[in-house]
Amino acid sequence: MGDGCENIRAPSTAHFVLVHGACHGGWSWYKIRCLLEGAGQIVSCPDLSSSGTDPLDANTIFTFQHYNKPLDYILSTLPPGQKVILVGHSAGGHSVTEAIQNFPDKIQVAVFVGATMLRNGFQTEQDRIDDCTLASMLLRTCPVRALSGAVFPEGKDSDMVPRVYIKTLHDNVLSVAQQDVMIKRWPPSDVYSIDSDHCPMFSNPSHLFGLLLKVAAKIRNN
């Protein structure tokens, strides 16, 4: 695919935290989880509040902070000095962004996979590019009020967290043009592309797996 990930050797053990998008759950990462664990990596796939197998009712989740609480718990309880590779898909990009603002010392690198990447969340109408995602992924009712209120104050040292964006080239939910706008407005350190629809964990898991290993190897060597 031109990303040089075909012959990437698995890095020494890293801890990947994979964050799902709206209306999905941790289950959506099952193919990537199996591939990463098979390569000797540690993987966590939390269900955000009212998502996946989490028993909470989406109609009771009114703030993004409540919605993101399971991810915050994972990061806040990491042992001292331990960092993770944090990966977000689709609306999971909001969860990654909030984590960057709140836990910059716990994140080795943040990876956005066809995801919303807005430095401070929904600040202006120009930021509201995720409505189509919320409307088109109704696998389980999502807390729309909480997601639409995703606004993040600037966190101390948040710019110290390197970011990587993986563009999904055949995306009918978050278009390539929308992805390019976000990349231009908040430039990441690296941009890769994957020949997939909106959900590369289903449509092209082997390439996504290779790119994630590439990110891990690069961070380890820096």
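**A tour around strand β5**

Select strand β4 (residues 107–113) together with β5: the two pair in the parallel sense over four bridges. Two strands count as paired if DSSP finds at least two bridges between them. Strands here are DSSP runs of E with at least two residues, helices are runs of H or I with at least four, and both are numbered from the N terminus. The model is predicted: local features need pLDDT of at least 70 and side-chain atom pairs pLDDT 80 or more, while totals for chains, interfaces and linings use all residues. Residues are numbered from 1 along each chain as its sequence is written, and side-chain values use heavy atoms, without hydrogens and water.

Next, pick phenylalanine 112; its bridge partner in β5 is tyrosine 165.

Now colour β5 alone, residues 163–168. Six of its six residues are buried (under 20% relative accessible area with a 1.4 Å probe, protein chains only; exposed is over 50%, partly exposed in between). Arg163, Tyr165 and Lys167 point one way from the strand, and Val164, Ile166 and Thr168 the other way.

Move on to strand β6 (residues 190–194), which runs parallel to β5 and is joined to it by five bridges. Lysine 167 has serine 193 as its bridge partner in β6.

Add helix α7 (residues 176–185): with β5 and β6 it makes a right-handed β-α-β unit. Right-handed means that, with the strands pointing away from the viewer, the path from the first strand over the helix to the second runs clockwise.

Last, select the cysteines. The structure holds zero disulfides (pairs of cysteine sulfur atoms within 2.5 Å). For cysteine 34, the nearest cysteine sulfur, that of cysteine 45, is 9.3 Å away. Cysteine 34 is exposed at 55% relative accessible area, whereas cysteine 199 is buried at 14%.
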